[in-house]
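I opened this entry to keep track of what I looked up, in the order I looked it up.

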Amino acid sequence: MRDPSLFDYACRLGDDSLILGQRLSEWCGHAPMLEVDLSFANVGLDLIGQATHFLKLAGGAEGAGRDEDKLAFHRDVLDFKNCLLVEQPNGDFAQTMARQFLFSNYQELLFRQLCSSANLTIVAIAAKAVKEVAYHVRLANEWMVRLGDGTAESHARTVEGLDWMWRFADELFEVDSTVESLIASGVACDVRKLRSEWDARITKVLRDATLDVPKARRVTKGGRVGHHSEHLGHLLTEMQFLQRAYPDSQW
Amino acid sequence: MVAAATTASLKDQVFEILSHVPDPEIPCVSVVDLGIVRDVRGGTVIITPTYTGCPATLAIEADIRTALDRAGFSQMKIETTLSPPWTTDWISDSGREKLREYGIAPPPKGAAKQSLREISAECPRCGSSHTEELSRFGSTPCKSLHRCLDCREPFDRFKCH
């Protein structure tokens with residue numbers, strides 16, 4: 001392989017976007033109101049666009065002739081490097097929004113840093129995407145306040161959704177040996193340094209939303225090395241159906 | 001000198017051809033009006049996507065290819081670049097006017113950096129700025145949905161970006 005660390009890192013970035021984009025697309029036509037239907041579809045599209053660019057970069061770093069489509073549709077569960085948060089089922093609207101809230105705030109901080117990566121392709125993708133992610137953050141933050149500070153029902157559901165998603169947040173800020181070397185060479189972002197700003201953002205919105213920061217619990221992680229929850233396999237079955245049934249078909 | 005003159009005219013020629021290629025989702029404006037066509041370098045046309053996830057990106061490239069082939073420029077290559085990232089400030093003045101006539105409020109010139117600030121949209125029908133935002137996400141990634149509080153017409157706005 002040409003550059004195994006970069007391949008792995010680009011897959012992590014791309015898979016986070018791809019899997020969350022796929023999850024959001026499940027809402028298409030089912031959202032509680034038109035505004036939300038449009039916004040989830042748009043955010044999902046943005047994320048899938050990011051994935052296309054990151055997986056293309058990964059394919060180049062691998063140097064084995066796999067392009068972004070091959071990487072998206074011809075890999076199985078163990079080869080996906082996304083964090084566990086993004087593969088969690090949508091649940092109800094509040095649970096989906098809690099997931100988006102935690103992830104988009106993380107992704108905006110991450111992409112801001114990646115705008116000064118030593119890898120110029122990563123810089124180009126991050127600089128373009130960070131403007132779009134700012135919209136995702138605003139959508140999620142506003143909805144968290146609307147739901148948390150809404151009715152007793154919406155409040156209770158948001159507490160529950162956030163409580164489920166919270167256990168997967170720590171994984172976003174994990175660094176392992178693969179990323180260590182890329183941090184040293186200035187390619188990757190040291191996500192540990194984003195934690196305090198992320199905590200401050202999350203705490204502020206939750207306060208406005210009359211919600212408590214969930215209690216710390218045992219961290220659930222493993223996505224970065226391919227140890228996924230059962231949910232990812234089901235997601236891939238649907239996402240990859242066509243390429244599994246008709247390998248390499250094009251139209 | 002001769003080579004430089006030829007290159008300049010090639011660029012002009014290509015821009016002229018592509019100024020007749022409509023955007024697939026907003027056909028009132030061309031891919032040149034929107035700032036999608038960036039440059040012609042040697043035998044290569046440089047294009048850039050507007051939004052990362054814009055589903056029209058592939059259709060746009062295919063339409064540009066067809067237009068070049070038809071005009072006898074089948075040897076020209078097309079290259080997509082992400083950097084520098086596209087902004088709404090790249091939409092030409094005539095492009096803005098065409099958007100307004102079509103019923104889409106164009107982004108104010110120079111507003112790209114203020115994308116998330118509240119700048120009230122101007123109704124493309126009656127010109128009133130007494131308008132409200134209905135949905136920040138619209139029918140395509142580049143648009144949001146608004147309503148004029150004077151003439152009561154709903155309208156799309158090209159997002160500042």
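My notes below go from one chain as a whole to one of its helices, and then to the contacts between chains.

Entry 1. I noted at the start that this is a predicted model. I took chain B and asked for its secondary structure, which comes to three helices and seven strands. Along the sequence I read them in the pattern α-β-β-α-β-α-β-β-β-β.

Entry 2. I looked up the extent of chain B: its C-alpha trace spans about 55 × 30 × 25 Å along the principal axes. Chain B has 161 residues, and 39% of them count as buried. I also checked contacts in chain B with a separation of 6 or more, and 51% of these are between residues 24 or more positions apart.

Entry 3. I turned to helix α2 of chain B, residues 57-70. Its 14 residues reach 20 Å from first C-alpha to last, close to the 20 Å expected. Which residues of α2(B) are buried? I found T57(B), I60(B), I64(B) and L68(B). Seen down the axis of α2(B), these buried residues fall within an arc of 70 degrees, so they line one face of the helix. As a general reminder, I wrote down that an α-helix has 3.6 residues a turn, so residues three or four places apart point the same way. On the other side of α2(B) I listed the exposed residues L58(B), A62(B), T66(B), D69(B) and R70(B). Just after α2(B), I saw that G72(B) takes a positive phi of about 85 degrees.

Entry 4. Last, I looked up where the chains meet: 15 residues of chain B are in contact with 22 residues of chain A. On the chain B side, I counted seven nonpolar residues, seven polar and one charged.

How values were computed
Residues numbered from 1 in each chain as written. Chains lettered and ligands numbered in written order. Predicted model: local features only at pLDDT ≥ 70, side-chain atom pairs only at ≥ 80, totals over all residues. Helix = DSSP H or I, 4+ residues; strand = E, 2+ residues; numbered from the N terminus. Expected span 1.5 Å × (residues − 1). Buried ≥ 20, exposed ≤ 12 C-beta atoms within 10 Å, placed from the backbone. Arc of directions from axis to C-beta. Contact = placed C-beta atoms within 7 Å. Nonpolar A, V, L, I, M, F, W, Y, C, P; charged D, E, K, R; others polar.
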